[in-house]
Amino acid sequence: MGTAWGCGYPSHTNHVRGLLTSLVTLLLLRLGSAKLRVEGPGHPLTATVGQDVVLPCHLSPQRDARTLEVRWIRDHISETVHHYRNGEDLYGEQMGAYAGRTELVRDGLSTGSLDLRITGLRPSDDGQYFCTVGDADAYDEAIVELEVSATGADPHFSLGGYEAGGIQVLCRSAGWYPLPQLLWRDARGQHLPSVSQTHSQDQEGLFEIEGAVIVTGSVEGPLSCVVRNSRLQQERESSLDIAAPFFHNAQPWMVALALVLVLLAVSICLGVYLFRKQAAKKNAELVKVTLDPDTAHPQLVVSQDNCSVRRESEQQQVPDKPERFHYWCCVLGREGFREGRHCWLVEMDGERLKYSGWAVGVARASVERKKWINMRPDVGIWAVECYNDQLKSLTSPPTQLSLSPVPRRIWVCLNCSQGQVSFISADNGVQIFTFTEASFNGERIHPWFWVETEGIQLCLRESIPQTSSPALGGSCPSPDTPASPLLDPAGAAKE
């Protein structure tokens, strides 16, 4: 027995040592992983198109994250949404779709908060995000699910052809995300089957849906078209009342005549509307507006005559004056207005206009210059924006504008006494959008411009130029490239 014990002792010792080694290794691994543990919200976040959202993410337990490497990515490591390392934001690998739209919330870094703010949400922002954190010894990640939604416009009706004793009624609504449902209901709330249903998606990813139903004399009372966003549990509804006697012994020529009369009435109303808008613009004072280079973001180059501006990839060497924009690539007009009615003409020029980003409008003299802000009325900006050939007004949230093609020349009209800012296409005279009851707060109101894309320029004109190319209205002069550095020997900015 003793011999057996003696022969077996070394084997038992090795077994114990191996077990202890494994336990120590496992403990060290667990301690190492505990150095960095990342946690997300644990549930999907819901936000709407045009708004801003903060994606929450934090270290557990809390620790200072200011010296760590934080990277927010999409589905693949190459799809970088935001990159932070050792107190610095790095943009070299950032996806183009997120340029100028992300911000790591710095206030919480010292306590382990890694929240990411995304501004101006788009349908393409929908999906999963990975919050990844690492240092020399450890790495961890958490998943944040973002569900982006948009509720579109009220459905509107149109009449199709006469068919089998009934009329084809069409219902259409645009501006939805994700793809909504379209339902028909009669006066009793009973669902009616669609005879057809189609949808399309615009360049921004918003859906337009259209459905058709055949209405006969058996349908009594109003007909309702309901478009529903199941993600938000929100819906838009419109009703149409078609008198039953219309269907009895109805002939195709009667339907055709009714449609012609409706279209004629719409055309007359539209003509009167455009005439009044043009008359209102003519009553305003056409003013010469120039740009104030002292307010221009360092990546903006203003021409010597202060009448055009373009964006460059690198920052210019300009003095950091209090009035200069630092975060957004904006510039103000030199002229400011407190009273009266004023109009000026802005022309967009360049080969990349279809895929560009720009905005024109007005701003209070006190508008924030140095920090990130939402470009909207509550901060003192009233404007329309074009991004990738899609136009929207910068309301809160932004309002999509179904104007096609996007105007390349726009009248900006300011009515100080009534608190109105109107935008009218100089290409065809159609009104684009009007802000009403604007809160100017007695301040001077200046023309305001934002240039997001290189290769385009915004130009100020005193009138629509005569040209053989009505699509462009002539090209505006290119801003002169200033010498570098932009300081004279005394240190003052050269104009």
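Which residues of the largest nonpolar core touch the most other members? In this predicted model, they are L55, W72, L114 and L146, out of 45 residues in that core. As for its place in the chain, both domain 1 (37–149) and domain 2 (156–247) give residues to this core, so it lies between the two. Apart from it there is another core, made up of 40 residues, among them L291, W382, F449 and L460.

L55 is a good place to start looking around. Leaving aside residues up to four places away in sequence, L55 touches L45, W72, D115, L116, I118, Y129, V144 and L146. Two of the names in that list, W72 and L146, also appear with L55 among the core residues that touch the most other members.

W72 leads on to the strands. Strand 5 covers residues 69–73, and 4 of its 5 residues are buried, so to speak tucked away: the strand is mostly covered. On one hand, strand 5 runs antiparallel to strand 6 (residues 80–85), with 5 bridges joining the two. Here V70 stands opposite Y84, while I73 has T80 as its bridge partner. On the other hand, 5 bridges tie strand 5 to strand 10 (residues 127–134), again in the antiparallel sense. In this pairing, W72 stands opposite C131 of strand 10.

These pairings belong to a wider arrangement. Strands 5, 6 and 10 sit in an open sheet of 6 strands, whose order is 2-11-10-5-6-7 and whose pairing is mixed. At the edges are strand 2 (45–48) and strand 7 (88–90), each of which pairs on one side only. Going from strand to neighbouring strand in this sheet, the average turn is 25°, with direction ignored.

A further open sheet has 4 strands, in the order 15-14-18-19, and its pairing is antiparallel. Its edges are taken by strand 15 (191–192) and strand 19 (234–240); each has a single partner strand, so one side of each is left without a neighbour in the sheet. For strand 15, that partner is strand 14 (residues 181–185), and the antiparallel pairing between them runs over 2 bridges. One of the residue pairs here is R185 with H191, its bridge partner in strand 15.

Notes:
Residues numbered from 1 in each chain as written. Predicted model: local features only at pLDDT ≥ 70, side-chain atom pairs only at ≥ 80, totals over all residues. Heavy atoms only, no water. Pairing = 2+ DSSP bridges. Axes fitted to C-alpha atoms, helices over the stretch in contact; angles between N-to-C directions. Buried < 20%, exposed > 50% of the residue type's maximum accessible area, 1.4 Å probe, protein only. Core = buried A, V, L, I, M, F, W, Y, C linked by side-chain atoms within 4.5 Å. Domains from an automatic or database assignment. Contact = heavy atoms within 4.5 Å.
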